[in-house]
Amino acid sequence: MSGQASVNILGIAGSLRRGSFNAATLRTAQELAPDGMRMEIFDIAPIPPYNEDVRQQGFPQPVEALRAKIKAADGLLIVTPEYNYSIPGVLKNAIDWASRPPEQPFDGKPIGIMGASGGALGTARAQYHLRQCFVFLNGLVMNRPEVMIPAAQNKFDADGKLTDQQTRDFLAAHLAAFKAWVLRMK
Ligand SMILES: Cc1cc2nc3c(=O)[nH]c(=O)nc-3n(C[C@H](O)[C@H](O)[C@H](O)COP(=O)(O)O)c2cc1C
């Protein structure tokens, strides 16, 4: 049954870099999404630095848009780089903005995590920090399978296409499991 059911996923990449391996991974996830999974990508670049004084005046438009899209999605897929053993400030900033009351949109939301890095651990440390953020926010992060793409510079071509077949297969398996996770949490 779950093979025929459909889910809408919002995808976020934690890097603003044009040639980002993580943005490329997210585009590949969109391409490899299983039947019945539709994925929209949200660009966090326009989100300003968090400022409580600004929030008191109301959420800036890009934050309002992010919150609305998270609320409307059946699940959230975050593809994060690792910066100094943690998640990039721009990603944390977007999560911080979106998490503010009222009705913080991560509560009860199924979440999938992937990451690509130039290092040997493929964002493992950043991913565990990201999971920690969603403990307080009550995001329902899928445990396994994990997608950690090490030595990313060897796995994408100059156009940002993921050329490593093993990694593509792994991504597809993760997405199938994520679809099942989203349907199970619904
Ligand atoms: C500020 C900064 C810190 C970094 N720290 C790490 C790190 O802790 N671990 C790691 O594997 N790579 C680290 N890197 C290298 C990134 O993995 C690499 O730049 C990667 O391409 C970033 O992701 P992107 O291609 O999606 O932009 C760091 C890069 C930057 C810019």
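Two strands pair if DSSP finds at least two bridges between them. With that criterion in hand, the tour of this predicted model can begin at the first strand.

**Stop 1: strand β1 and its partners**

Select residues 7-13, which form strand β1. Six of the seven residues are buried, so the strand is largely enclosed by the rest of the structure. Add residues 37-42, strand β2, to the selection: β1 and β2 pair in the parallel sense over six bridges. To see one position in this pairing, display L10 of β1 together with E40, its bridge partner in β2. Now show helix α1, residues 21-32, through which the chain crosses from β1 to β2 in a right-handed β-α-β crossover.

Next, turn to strand β3. Five bridges join β1 to β3, and these strands also run parallel. Here the pair to display is A13 and V79, the latter being the bridge partner in β3.

**Stop 2: strand β4**

Keep V79 displayed and add M114, its bridge partner in β4. Strand β3, residues 75-79, pairs with β4 in the parallel sense over four bridges. Colour helix α4, residues 89-98, as well; β3, α4 and β4 make a right-handed β-α-β unit.

Select the whole of β4, residues 110-116, and show the side chains. How many of its seven residues are buried? The count is seven of seven, and the strand is mostly covered. In a regular strand the side chains alternate between the two faces of the sheet. In β4, P110, G112, M114 and A116 point one way, while I111, I113 and G115 point the other way. Residues of both sets are buried.

**Stop 3: strands β5 and β6**

Add residues 140-141, strand β5, which runs parallel to β4 and is joined to it by two bridges. P110 of β4 stands opposite L140 in β5. Then add residues 147-149, strand β6; three bridges join β4 to β6, again in the parallel sense. M114 serves as a point of reference once more, with V147 as its bridge partner in β6.

**Stop 4: helix α5**

Select residues 124-136, helix α5, and highlight its buried residues: A124, A126, Q127, L130, R131, C133 and F134. An α-helix has 3.6 residues a turn, so residues three or four places apart point the same way. Against which elements do the buried residues of α5 pack? They pack against β3, α4, β4, β5 and β6.

Centre the view on Q127, which lies in this helix. Its relative accessible area is 1%, under the 20% limit, and Q127 is therefore buried. Leaving aside neighbours within four places in sequence, Q127 is in contact with T80, I113, M114, G115, G122, V147 and M148. After α5, select N138, whose phi is positive, near 60 degrees.

**Stop 5: T123, in the loop before α5**

Move to T123, in the loop between β4 and α5. Is T123 buried or exposed? At 0% relative accessibility, T123 counts as buried. Setting aside residues within four places in sequence, the contacts of T123 are T80, P81, E82, G115, A116, S117 and M148. Select I87 too: the C-alpha atoms of T123 and I87 are separated by 8.6 Å, although the two residues are 36 residues apart along the chain.

**Stop 6: the ligand**

Select the ligand and the residues around it. There are 14 surrounding residues, and the closest are S15, R17, S20, N22 and N84. Three atom pairs may be drawn as distances. A backbone N or O atom of N84 lies 2.8 Å from a nitrogen atom of the ligand. A backbone N or O atom of Y85 lies 2.9 Å from an oxygen atom of the ligand. A polar side-chain atom of S117 lies 3.1 Å from an oxygen atom of the ligand. The protein covers 70% of the 620 Å² of accessible area that the ligand has on its own.

**Stop 7: A158**

Finish at A158, found in the loop between β6 and α6, the latter spanning residues 165-185. Which term applies to A158, buried or exposed? A158 is exposed, with a relative accessible area of 86%. Select G19 alongside A158: the two are 139 residues apart in sequence, and their C-alpha atoms are 8.6 Å apart in space.

Conventions:
Residues numbered from 1 in each chain as written. Predicted model: local features only at pLDDT ≥ 70, side-chain atom pairs only at ≥ 80, totals over all residues. Heavy atoms only, no water. Buried < 20%, exposed > 50% of the residue type's maximum accessible area, 1.4 Å probe, protein only. Right-handed = clockwise from strand over helix to strand, strands pointing away. Contact = heavy atoms within 4.5 Å. Near = heavy atom within 4 Å. Polar contact = N/O pair within 3.5 Å; in protein donor to acceptor, adjacent residues only side chain to side chain. Areas by Shrake-Rupley, 256 points an atom, 1.4 Å probe, with all protein chains shown as cover.
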